[in-house]
Amino acid sequence: MSTSSKKTFYVTTPIYYVNDVPHIGHAYTTIIADALARFQKLAGKDVFFLTGTDEHGQKIEKAAAEKGLTPKALADSVVGRAQDLWKALDISYDLFIRTTMDFHEKGVQKLFRMLLEKGDIYKGEYKGWYCVSDENFLPDDVPLEAEGCKTCPDCGKMASVVSEETYFFRLSAYQDRLLKLYEDHPEFVRPQSRLNEVASFVRGGLKDLSITRTTVKWGVPVPGDPKHTVYVWFDALHNYVTGIGYDWNTERFGKFWPADVHLVGKDILRFHAVYWPAFLMASGLPLPRTVFGHGWWLKDDTKMSKSKGNVLDPHVLLKVFGPDPLRYFLLREIPLGQDGNFSHEAFLHRVNSDLANDFGNLVQRTLTMIGNYFGGEITGAAEETVEDARIRTDFEELKGRVFDHYDACALNRALEEIWAYIGRVNKYLAENEPWIMAKDASRRPRLARVLLQAAAAIRGASYLAFPVMPRSVEKVWTFLNEPKMPAEIRWDGLDFGGFGPGRKIGTPQALFPRVALKDFLEDARIGEQAIPAVKQAPGAEKAEAASAPAGDNKEGVIAMDQISYEEFRKMDLRVARITEAERVPGATKILKLKIDIGTEQRQMIAGIAETYAPEDLVGKRLIVIVNLKPAVIRGIESQAMLLAAITADNKAVVPFFDRDIPAGAVVK
Ligand SMILES: [Zn+2]
């Protein structure tokens, strides 16, 4: 999708069921939308970002009755859960729409009446299998079971036959136009694989859609026939037009419609990619450019579900880390469209390695040196060498590539590129060793140049990460004493550098908390409660139960962290002998080791510099994992990992063997 030629950008999330407790799945969609909205603003677009809640329908009616409340009172009492979470996540929406808002209900009625007059809506009799929980008639291909009943493929609950007078939407009349839409505009559904699913569903034949209920009271009344209420999906989908002003703010509606991206979970793609464009074709409104069906987050490779007690409550992570680490992790870890796996280990690894180490340390070290060596104000820098110039020219190229990635919704690619550049800047500092230059007065102009280059790189790279981590980047820009914040600078107006003479750089504070995995897991367990799950994939629950190995399917939080013997056996643990050990310039916590693992020599980075001096380590034997994927730490490839105990003050104590064991011996 290239939206570059257009002056406006309109992005939406689905409206979430008001009675759901918002979880990581909701947060994911909303964070994507927020990052895209923030990026498009930097790109100079006039942006509108809509999110909100779906407040009508049978489920809410029932939940309210159980609590002795009116449906509206129930909605009013719980809508704050979503709004509070979006606040905590720094979500910059322009309007939070509730389908109980007056302008929305009026808009839906107007559209309904228009379609009725045109003949696209007509009255008839509907009989079919209906899932009360999902407020949805089952697809015709759901088989009849032996007992003569049907089970809802979405939630696994028993469906019931419902027969009622209803208004139909003439969906069948739009089959050919929909197929032509997918053919002429393949970008209408992304990713591509989902387009194929949608198209083959439509090719299979479309039946007219029942869009009103007499059995549900809590909904938008059908104009002129108030014993019917409008089916929640017809009601809900139209929030995308009423939310920007359809029939109440014509100027804004004309400016922003059609939407550039509707972000949706893949479970509701059909509603957005089949029904929604058909409704719009019927009412003569332009079609959105793209419906993006993103994937789901699994927890430790298992679908989150209430019964497993493994649904993630984002507040637990937010309490410890603030919003940016979660925003970064969710967007960095997987390409939009694929399923992701959320594990606390992976999350903490990203926070500690990418954010605290690679980015946070770079900021901290560079600005501290500018403070210590130059009193915060860099003067008398030498001319750029070829190598200095590369930091600048690399940035200029990076800026273009990152723009394209954001513009194509490839958020993970944008972040990968930014962090690769941050890695290069770290390497540049390590190679230039400014802390050694500082000891020699004659090298002061070089020292000034190196620190200036690093500070400019920090400023530039952080700007590029602003759509994803706005709060942290504003902090960095505050340390840099920037006169403007990133949101005030257009992408094409951002230059490398930007430090005029007389700029006095402030004192950096830690950007990201350092949390030990053990403490974090304890906190996380306390916070993991059974809360409503992400919508189930058809049959997902059953498939898992069948494939789970015996003894591994216990419910609850302890079982979630267990691994099978098969998984343990995959780890290749060996005795290694340390042959060399040295400090890593500029790093206080890590050592670079050379080890003998029997068959070969390896190098590794170990976070043990606070407990051991390099000279004490040579000749020692210890246990290492030798088949872990290599990681690059401080620009150095680490080809093994050692095992160590972590003390209360976060120091690593290594178990060494107390007798001579040959390097390479298997540990099991
Ligand atoms: Zn269902």
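# Worked exercises on a predicted model

Cys131 is buried, as its relative accessible area is just 1%. Keep in mind that the model is a predicted one. Here are some exercises to work through with the structure open.

## Exercise 1: Two cysteines and the disulfide count

Classify Cys131 and Cys409 as buried or exposed, and find how many disulfides the structure holds.

Step 1. Buried means under 20% relative accessible area. Cys131, at 1%, is therefore buried.

Step 2. The relative accessible area of Cys409 is 3%, so this residue is buried too.

Step 3. Now turn to sulfur pairs: the structure holds zero disulfides.

Step 4. Look at the backbone of Cys409 as well. Its phi is near 60 degrees, a positive value in a residue other than glycine. Cys409 sits in the loop between helix H14 (386-407) and helix H15 (411-432).

## Exercise 2: The surroundings of Glu55

Work out where Glu55 lies, whether it counts as buried or exposed, and which side chain it joins in a polar contact.

Step 1. Start with the chain: strand E2 (46-54) comes before Glu55 and helix H2 (58-67) after, with Glu55 in the loop between them.

Step 2. Glu55 has 0% relative accessibility, so it counts as buried.

Step 3. Next, look for a polar partner. The side chains of Glu55 and Thr100 are joined by a polar contact of 2.6 Å.

Step 4. Finally, set aside the neighbours within four places in sequence. The residues in contact with Glu55 then include Val18, Ile60, Ala75, Val79, Arg98 and Trp218.

## Exercise 3: The largest cavity

Find how many cavities of 30 Å³ or more the structure has, and say which element gives the most to the lining of the largest cavity.

Step 1. Searching the whole structure turns up four cavities of 30 Å³ or more.

Step 2. The largest cavity holds about 70 Å³ of space.

Step 3. List some of its lining: among the residues are Tyr16, Tyr17, Asp20, His26, Thr53, Arg81 and Trp86.

Step 4. Assign the lining to elements. Strand E1 (8-17) and helix H3 (71-88) are the elements that give two or more residues.

Step 5. H3 gives the most, with five residues. Val18 and Val79 belong to the lining of the largest cavity, and both are also in contact with Glu55 from the previous exercise.

## Exercise 4: Backbone features to check by hand

Locate the cis peptide bonds that lead into Pro191 and Pro258, then examine the phi of Asp247.

Step 1. Recall the background: most residues other than glycine have a negative phi, and most peptide bonds are trans.

Step 2. Between Arg190 and Pro191 the peptide bond is cis, with omega near -5 degrees. Pro191 belongs to the loop between strand E7 (189-190) and helix H6 (192-203).

Step 3. Trp257 and Pro258 are also joined by a cis peptide bond, and here omega is about 5 degrees. The loop holding Pro258 runs between helix H9 (250-256) and strand E11 (261-265).

Step 4. Asp247 has a positive phi, near 70 degrees, and is not a glycine. This residue lies in the loop between helix H8 (239-242) and H9.

Step 5. Asp247 counts as partly exposed because its relative accessibility is 42%. Its side chain makes a polar contact of 3.1 Å with the side chain of Lys110.

## Exercise 5: A bent helix

At which residue does helix H13 bend, and what phi does Gly375 take?

Step 1. Follow H13 along residues 344-374; the helix bends by about 35 degrees at Gly360.

Step 2. Just after H13 comes Gly375, with a positive phi of about 60 degrees.

## Exercise 6: Placing Gln175

Is Gln175 buried or exposed, and how far apart in space are Gln175 and His405?

Step 1. Gln175 is in helix H5 (residues 175-184).

Step 2. Its relative accessibility is 18%, so Gln175 counts as buried.

Step 3. From C-alpha to C-alpha, Gln175 and His405 are 34 Å apart, and 230 residues separate them in sequence.

Step 4. Beyond neighbours within four places in sequence, Gln175 is in contact with Val202, Arg203, Gly205 and Leu206.

Notes: Residues are numbered from 1 along each chain as its sequence is written. This is a predicted model: local features need pLDDT of at least 70, side-chain atom pairs count only at pLDDT 80 or more; totals for chains, interfaces and linings use all residues. Side-chain values use heavy atoms; hydrogens and water are left out. The bend at a residue is the angle between axes fitted to the seven residues ending there and the seven starting there. Helices (H or I, at least four residues) and strands (E, at least two) are DSSP runs, numbered from the N terminus. Buried means under 20% relative accessible area, exposed over 50%, partly exposed in between (1.4 Å probe, protein chains only). A polar contact is a pair of N or O atoms within 3.5 Å; within protein, one must be able to donate a hydrogen and the other to accept it, and residues adjacent in sequence count only if both atoms are side-chain atoms. Contact means heavy atoms within 4.5 Å. A disulfide is a pair of cysteine sulfur atoms within 2.5 Å. On a 1 Å grid over the protein atoms alone, a cavity is a set of points where a 1.4 Å probe fits but cannot get out, and a pocket is an open set with protein on both sides within 12 Å along at least five of seven lines; lining residues have an atom within 4 Å of a point. Grid points are joined across faces, edges and corners, and a volume is the space filled by probe spheres set on the points.
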